[in-house]
Structures are given as structure tokens and as C-alpha cells.
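Me: I have a model open and would like to talk through it with you. Could you take my questions one at a time?

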Amino acid sequence: MSALEKEIQKEIASLLGSQQLAVLSTQREGQPYSSLMAFAFTPDLENIVVATGKSTRKYQNLIQESRVSLLIDNRSNSENDFHTAVAVTVIGKALLIEQPERPEYEKIYLQRHPYLEKFISSPTTAFVKIAVSRYVLVSRFQDVMEYRLRDECDLFS
């Protein structure tokens, strides 16, 4: 891994670690749909973890089309954001988390969101990991860096 890749990875991890919520974008029959979600991430940045009720539109969208994106940013809704805000778009594939890997992902998720333990243990809640293909990091509204983890062709074939 190059020094630049290590720096991008460090910046992504810092941003993800500083935020509790992400905007999850799904689609169904060509119609996009966005949802505010609590999230967690694996230390290697390869997976983002979210939870949702099985009766929700986003869950139905995920079942029909696993390609998703997430937007995570540190904006404060002030003029200063034009100079200092950082955002990352995560491109990946949503996969339901089942046994035997569920306890590992639950631990990661509950470390960030212990108050959601009852929610994720409910049989009506789907626990989902997003296998990340790439991150697109944008700062100062114009500096764009990309960090690839997986080939999208492999992920979606």
C-alpha cells in the first residue's frame, strides 16, 4: 500500500469514527430512496454495518437490489463547510448478516451504538453489512480522492 493510500485510509477511518449517522441510498425499479441510518464499520474499512426493520421500504429495496451507496460527512451547516467539510461516498453491496458471523458484527455495531441492542436483537430487524467496493473522499468541495478495496465486477457478479 502506497503512502497516499495509507493517508486516504487514515482520513476515511477518522471521518467514519467521528460520525454516528450515514445516508443510505437504495433503489427499486429505477427509483432512488435515501434513509438516515446508524452505522458501524470494520477496522479494515472493508464493511459497513447497518440495521433496519424488515417491514421498511429500504429493506425491501435491499432485497431486490443489493447495490447501495452511503454518504457520511462532517458538515455543520455553516458557511465554514465550504472550506472544511469532508464527505465520503461509500459504494458497495448489501448482504444480510447471518450466523456464524453475526456475533462479530453485532459486537462492532454495539460498541458504537449500545442503546440499539434491543433493536438489533429483535426478530423483526435485519442486520446488514455493506461489502465496500470503494470510497470516494471529497474535501473542500473539490478535492476528490478514491480508495478501492474490491473490484465492483467481482462484487456484483
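Me: Which residues are exposed on the other side of α1, away from the buried ones?
Reply: Ala-3 and Lys-10 are exposed there, where exposed means over 50% relative accessible area, buried under 20% and partly exposed in between, with a 1.4 Å probe and protein chains only. This is a predicted model, in which local features need pLDDT of at least 70 and side-chain atom pairs count only at pLDDT 80 or more, while totals for chains, interfaces and linings use all residues. Residues are numbered from 1 along each chain as its sequence is written, and side-chain values use heavy atoms, with hydrogens and water left out.

Me: And which ones are buried in α1?
Reply: Those are Ile-8, Ile-12, Leu-15 and Leu-16. They cover an arc of only 95° around the axis, so they lie on the same side of α1; the arc is taken from the directions from the helix axis to the C-beta atoms. Helices are DSSP runs of H or I with at least four residues, strands are runs of E with at least two, and both are numbered from the N terminus.

Me: Which residues touch the most other members of the largest nonpolar core?
Reply: Ile-12, Leu-16, Ile-48 and Tyr-135 do, in a core of 28 residues. β7 gives the most to this core, with six residues. A nonpolar core here is a set of buried Ala, Val, Leu, Ile, Met, Phe, Trp, Tyr and Cys residues joined through side-chain atoms within 4.5 Å.

Me: What is Ile-48 in contact with?
Reply: Leaving aside neighbours within four places in sequence, its contacts (heavy atoms within 4.5 Å) include Leu-16, Phe-39, Leu-70, Val-90 and Tyr-135. There is also a second, separate core of eleven residues, with Ala-38, Ala-40, Val-49 and Ile-108 among them.

Me: Changing topic, how many bridges join β1 to β2?
Reply: Eight bridges join β1 (residues 21–28) to β2, and the two run antiparallel; strands count as paired if DSSP finds at least two bridges between them. Arg-28 has Gln-31 as its bridge partner in β2, and in the hairpin, which has two residues between the strands, Glu-29 takes a positive phi near 50°.

Me: Is Ser-35 buried or exposed?
Reply: Ser-35 counts as buried because its relative accessibility is 8%. Ser-35 is found in β2 (residues 31–38), and beyond neighbours within four places in sequence it is in contact with Ala-22, Val-23, Leu-24 and Lys-58.

Me: What does β6 pair with over eleven bridges?
Reply: That is β7 (residues 125–139), in the antiparallel sense, with Val-136 in β7 as the bridge partner of Thr-89.
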